[in-house]
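Me: I am new to this structure and would like to be led through it step by step. Please begin with a term that I will need, and then let me ask.

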Amino acid sequence: MTGKYKVHRFDIRMTEDQNKLEEFLNNLKGEIIAIIPNVTSSLGNYAAVNFLLIIEKTETSGFTIG
């Protein structure tokens, strides 16, 4: 059986949004396949994550969840 996938973009401030991310992940109906951070760099040796791509598997047997 094949599945369908949905990609969510989640804007984040890593120092402040842990609870917001936790709530978002717990409210997904499908299976979380991957979380991919977008890592950016600025001047100097500073790196930051400004958003996450979250891949959710939404279908397993011919019908769409949610």
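Reply: A salt bridge is counted where a side-chain nitrogen of Lys or Arg lies within 4 Å of a carboxyl oxygen of Asp or Glu. The model is predicted, so local features need a pLDDT of at least 70 and side-chain atom pairs a pLDDT of 80 or more, while totals for chains, interfaces and linings use all residues. Residues are numbered from 1 along each chain as its sequence is written, and side-chain values use heavy atoms, with hydrogens and water left out.

Me: In what order do the elements of the protein chain run from the N terminus on?
Reply: Helices (H or I, at least four residues) and strands (E, at least two) are DSSP runs, numbered from the N terminus. By that reading the protein chain has 1 helix and 3 strands. From the N terminus on, the elements follow one another as β-α-β-β.

Me: What is the order of the strands in the open sheet?
Reply: Two strands pair if DSSP finds at least two bridges between them, and β2 and β3, which run antiparallel, are joined by 10 bridges. The edge strands, each pairing on one side only, are β1 (4-11) and β2 (31-41). The open sheet of 3 strands, with antiparallel pairing, therefore has the order β1-β3-β2.

Me: What angle does the direction of helix α1 make with that of β1?
Reply: Angles run from 0 to 180 degrees between N-to-C directions, along lines fitted to C-alpha atoms, for helices over the stretch in contact (heavy atoms within 4.5 Å). Helix α1, residues 18-26, packs on the sheet and touches β1, β2 and β3. With the direction of β1, that of helix α1 makes about 165 degrees.

Me: Which strand gives the most to the largest nonpolar core?
Reply: A nonpolar core is a set of buried Ala, Val, Leu, Ile, Met, Phe, Trp, Tyr and Cys residues joined through side-chain atoms within 4.5 Å, where buried means under 20% relative accessible area, exposed over 50% and partly exposed in between (1.4 Å probe, protein chains only). The largest nonpolar core has 7 residues, namely Phe10, Ile12, Leu21, Leu28, Val49, Leu52 and Ile54. With 3 residues, the strand that gives the most to this core is β3 (residues 47-59).

Me: Which residues is Ile12 in contact with, leaving aside its neighbours within four places in sequence?
Reply: Ile12 is itself one of the residues of the largest nonpolar core. Leaving aside neighbours within four places in sequence, the residues in contact with Ile12 are Asp17, Leu21, Val49, Asn50, Phe51 and Leu52.

Me: Which residues are joined into one network by salt bridges that share partners?
Reply: Arg13, partly exposed at 49% relative accessible area, forms a salt bridge with Glu16, their closest N and O atoms being 3.0 Å apart, and Glu16 is exposed at 55%. Arg13 also forms a salt bridge with Asp17, with 3.2 Å between the closest N and O atoms, although Asp17 counts as buried at 6% relative accessibility. Through these shared partners, the residues joined into one network are Arg13, Glu16 and Asp17.

Me: How many salt bridges does a search of the whole structure find?
Reply: Besides the network of Arg13, Glu16 and Asp17, the side chains of Arg9 and Asp11 meet in a salt bridge, at 3.0 Å from N to O. Arg9 counts as exposed at 54% relative accessibility, whereas Asp11 is partly exposed at 45%. Over the whole structure, the number of salt bridges found is 3.
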